[in-house]
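Q: Please take a close look at one buried part of this model, and then carry on from there to the charged side chains, the cysteines and the backbone. A connected account would be more useful to me than a list.

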Amino acid sequence: MSIRLDLARDSGLTLSDALSVLLPTPAQDLSDLPRTTEMVQPFKPFHDHFADQGFRCAHASDARCDDVILFLPRAKTQARGFLHQACQRASGRVVVDGAKTDGIDSLLKEVRKRVPVEGPISKAHGKIFWFAADAQAFSDWAMSDMALVGGYRTVPGVFSSDGIDPASELLIAAMPDRPGGRIADLGAGWGYLSSRLLEREGVYSIDLVEADHAALECARHNVSDPRARFHWADALRWAAPEPEDTVVMNPPFHTSRAADPALGRGFIAAAARALAPNGQLWMVANRHLPYEAALEAHFNRFEELGGDARFKIFNASRPRRRVGAS
Ligand SMILES: C[S@@+](CC[C@H](N)C(=O)[O-])C[C@H]1O[C@@H](n2cnc3c(N)ncnc32)[C@H](O)[C@@H]1O
């Protein structure tokens, strides 16, 4: 069990079997919860983690339940939206568990102004508290609809929700007028790269592969072109329907606050797998991230093209075939 949830239960919190858990991550060991528990997780690798444990899983839910546990996300508007949603769905308690770095203290302060709070218990650089679900008390925190930012639809919590990412803009500017026939956009976000590539010549199809369901929904609005195919998938496990001519990506570099270049290296391996033998990878990365060895390991040729002081752009071709790879 997760450490703070354990303490809350020791101090008298009881939870019904008709329980919904919002935004659980593999960092929390929830394996002793009853398998009637619904896990709501829009991020595909985390969703699959709990599905593999036999839980009922969904990318979103508005089903009624007794109790809700919300694991606090970092984006404030998103956190408020989920808390409002929890109050709409639960007839019993809403439990909120979060790290200090994700804003649990300020959220607790705001919740206290509106409803009586039980707990709070502090442990492991975070807090847990709970209160009786109140459908009215947080009505002004309802999740807003998609916002229109620079002509693109985004929602709070998705990557670069307040506008075009400068690194992605740089990558698009460096790419050729004919970017390739079959293209995969790994970690497509709300669809900026795909939408721009579809303006260019010779594009036959684009596979947008994105783990965050909310971002992919935005992409469906931003890329309304019949050549686009949308995949809610973990790019590290995704199998291209047919070999791609081009992979384009601005890979994620952290799963939590700490940078994790292993994730980007996994994306490079996935790109090499998805490409046809004469296919090409176009990628942009923060200049300090060490991706050269992975490019060397997975491609016969790669070069750095331009970029700027913050970002570097790579073009790689002739993916190396792995022994045993299909
Ligand atoms: C740096 S952002 C780039 C987004 C978009 N391509 C753009 O240029 O604005 C990386 C994206 O990868 C997604 N992502 C993270 N891990 C992933 C995974 N394992 N599989 C697929 N997408 C993932 C994130 O949700 C995020 O949208």
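**A close look, starting from Leu15**

A: Leu15 has a relative accessibility of 18%, and because buried means under 20% relative accessible area, Leu15 counts as buried. The model in which this residue sits is a predicted one, and every value that follows is computed from that model. In the chain, Leu15 belongs to the loop that runs between H1 and strand E1, the latter covering 19-22. A partner for Leu15 in space is Ile69, which is 54 residues away in sequence but has its C-alpha 9.3 Å from that of Leu15. Ile69 itself is placed in strand E4, made up of residues 67-71, and at 0% relative accessibility Ile69 counts as buried. Ile69 also pairs with Leu19: these two residues are 50 apart in sequence, while their C-alpha atoms are 7.7 Å apart in space.

The helix that precedes the loop of Leu15 leads to the charges on the surface. Helix H1 consists of residues 3-10 and includes Asp10, a residue with 67% relative accessibility, which is why Asp10 counts as exposed. Together with Asp6, Asp29 and Asp32, Asp10 forms a negative surface patch. Membership in such a patch requires over 30% relative accessible area and no salt bridge, so the 67% of Asp10 meets the first of these two conditions.

Other charged side chains are paired, and the count for the structure comes to 20 salt bridges. One of them joins the side chains of Glu38 and Arg89, with a distance of 2.8 Å from N to O. This pair connects distant parts of the chain, since Glu38 is in strand E2 (residues 38-40) and Arg89 is in helix H3 (residues 76-89), a separation of 51 residues. Neither partner is on display, for Glu38 and Arg89 are both buried.

A further salt bridge brings together the side chains of Arg93 and Glu118, at 3.4 Å from N to O. Here too the pair links distant parts of the chain, with Arg93 in strand E5 (residues 93-99), Glu118 in strand E6 (residues 118-123), and their positions 25 residues apart. Arg93 has a relative accessible area of 27% and is therefore partly exposed, and Glu118, with 35%, is likewise partly exposed.

Later in the chain, Asp225 and Arg227 form a salt bridge in which the closest N and O atoms are 2.9 Å apart. The accessibility of Asp225 is 21%, so this residue counts as partly exposed; Arg227, at 27% relative accessibility, counts as partly exposed as well. Beyond such pairs, there is a network of salt bridges that links Arg182, Asp207, Arg229 and Glu242.

The cysteines give a negative result, as a search of the whole structure finds zero disulfides. For Cys57, the nearest cysteine sulfur is that of Cys65, 15 Å away, and Cys57 is in no disulfide. A disulfide would need two cysteine sulfur atoms within 2.5 Å, so the 15 Å between the sulfurs of Cys57 and Cys65 does not satisfy that limit. Cys57 has a relative accessible area of 24% and is thus partly exposed. Cys87 is also in no disulfide, and the nearest cysteine sulfur to it, again that of Cys65, is 11 Å away. At 2% relative accessibility, Cys87 counts as buried.

The backbone deserves a last look. Most residues other than glycine have a negative phi. Ala124, although it is not a glycine, has a positive phi of about 50°. Ala124 is located in the loop between E6 and strand E7, which spans 126-132, and its relative accessibility of 45% makes Ala124 count as partly exposed. Ser160, another residue other than glycine, has a positive phi near 55°. The loop holding Ser160 lies between strand E9 (152-154) and helix H5 (166-174). At 17% relative accessibility Ser160 counts as buried, whereas Ala124 counts as partly exposed.

Methods: Residues are numbered from 1 along each chain as its sequence is written. This is a predicted model: local features need pLDDT of at least 70, side-chain atom pairs count only at pLDDT 80 or more; totals for chains, interfaces and linings use all residues. Side-chain values use heavy atoms; hydrogens and water are left out. Patches are made of residues with over 30% relative accessible area and no salt bridge: like charges are joined within 9 Å, nonpolar side chains (Val, Leu, Ile, Met, Phe, Trp, Tyr) within 5 Å. Accessible areas come from the Shrake-Rupley method with a 1.4 Å probe; for residues, only the protein chains shown count as cover. A salt bridge is a side-chain nitrogen of Lys or Arg within 4 Å of a carboxyl oxygen of Asp or Glu. Lys and Arg count as positive and Asp and Glu as negative; His and the chain ends are not counted. The place of a charge is taken as NZ of Lys, CZ of Arg, CG of Asp or CD of Glu. Helices (H or I, at least four residues) and strands (E, at least two) are DSSP runs, numbered from the N terminus. Buried means under 20% relative accessible area, exposed over 50%, partly exposed in between (1.4 Å probe, protein chains only).
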